[in-house]
Amino acid sequence: MKKKFSTLAVITSLGLVLSGCSSSDSNSDASGIKVVAAMYPLEFVATSIGGDLVSVENFTPPGVEPHDLELSPSQVVTLDDADLLLFISGFQPALEEAAQQSAPANSLDLLTIDGLNLLTATEDGHDDGAEDEHVDEEAHSDEEMVSDPHVWLDPERLVVIAKAVASKLSEVDPDNSEVYATNLAAFVAELETLDQKFLTGLASCERDLIVTSHAAFGYLADAYGLSQEAIAGLSPESEPTPKRLNEIGKEAKADGTTTIFFETLASPKIAQTLADDLNIEAAVLDPIEGISEGETYFSVMESNLEALRKALNCK
Ligand SMILES: [Zn+2]
């Protein structure tokens, strides 16, 4: 009995050693580089560049607003085992906390990438270029400015991000760096085509003000000469004061705004109420913080362009 038990123990530990060997080799076999993406746009970049060489897990489940992400115990294990974590600092605190406890082998914080030309805003979504009246500026002067995390909504900035992700993947998996470079070139070409469509499509419009549900479109506005007034701040949770809603209503009226934009993942209630009050339309402008079945970043951006062209009456 005793002998049998020890034999079993030997076999078991041998099995562990063997499986330990094979899993340490897994970077170069079919299971690929294990990438954890904090949310959909990062998953999209990682799969576009990594192709079959990577297995990407998006930590924000379908239908969940990524600002609210909470981690499950199994996600913490996945994170611990990951070859590369792609995230945006200051966006999903639960993920950053977990990443500090169970460190993935490599990580890339998008907001540390050179050449992104980050925009800053207060949490309530006022950007530093806003033409607020003097009183408002003083009221905000002691509010902390933070980096706007919604960098993926400008295709040109997403090119910079894609290049950084490609070089990170080549660093983690140098044997396949040529494949990553080839995939990157194709992805960048697609992003540049999209950028051209936005430049052309928004070149000649009657208006340039977009009233959005939360302040997700600062980079898109920056890229194409639009100005954004957001009902909520950088996070959809920051509810506007009645005073703020009143200001936005007045501004929309003065501008001749025809559309208040709302989102697919956050509640459309406030945007819809504002649109009803002003007797104008409410339409979707999608910040692509998540994705619906059958859609991609490119298809949603094309829909966003159409929505913008209609709302701003572009030629
Ligand atoms: Zn957001």
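1. In this predicted model, the residues that donate to the zinc ion are spaced along the chain as H-x82-H-x63-H-x74-E. The pattern includes a pair that joins distant parts of the chain, His67 and His214, 147 residues apart. His67 sits in the loop between β2 (54-58) and α3 (73-81), and His214 occupies the loop between β7 (209-212) and α8 (218-224). Both of these histidines are buried.

2. The zinc ion takes its protein donors from His67 (NE2), His150 (NE2), His214 (NE2) and Glu289 (OE). These atoms lie 2.0 to 2.1 Å from the ion. The arrangement is tetrahedral because the four donor atoms subtend angles of 97 to 124° around the zinc ion, within the limits of 85 and 135 degrees set for that geometry.

3. Turning to the interior, the largest nonpolar core comprises 73 residues. Val35, Ile49, Trp152, Leu169, Phe198, Tyr297 and Leu308 have the most contacts inside this core. Helix α6 (residues 155-172) supplies the largest share, nine residues. Domain 1 (31-193) and domain 2 (202-311) both contribute residues, so the core lies between them.

4. Tyr297 merits inspection in the structure. Neighbours within four places in sequence being set aside, Tyr297 is in contact with residues including Tyr40, Phe44, Trp152, Leu153 and Asp154. Its contacts also include Pro155, Leu158, Leu191 and Leu194, as well as Ile288 and Ile291.

5. Another core, of eleven residues, lies apart from the largest one. Among its members are Leu209, Val211, Leu274 and Leu278. In soluble globular proteins, nonpolar side chains tend to be buried together.

Key
Residues are numbered from 1 along each chain as its sequence is written. This is a predicted model: local features need pLDDT of at least 70, side-chain atom pairs count only at pLDDT 80 or more; totals for chains, interfaces and linings use all residues. Side-chain values use heavy atoms; hydrogens and water are left out. Donors are N, O and S atoms within 2.8 Å of the metal (3.2 Å for Na, K and Ca); water is not among the atoms, so sites may look incomplete. Four donors count as tetrahedral if all angles lie between 85 and 135 degrees; four count as square planar and six as octahedral if opposite donors are over 155 degrees apart and all others between 65 and 115; anything else is irregular. Helices (H or I, at least four residues) and strands (E, at least two) are DSSP runs, numbered from the N terminus. Buried means under 20% relative accessible area, exposed over 50%, partly exposed in between (1.4 Å probe, protein chains only). A nonpolar core is a set of buried Ala, Val, Leu, Ile, Met, Phe, Trp, Tyr and Cys residues joined through side-chain atoms within 4.5 Å. Domain bounds come from an automatic or database domain assignment. Contact means heavy atoms within 4.5 Å.
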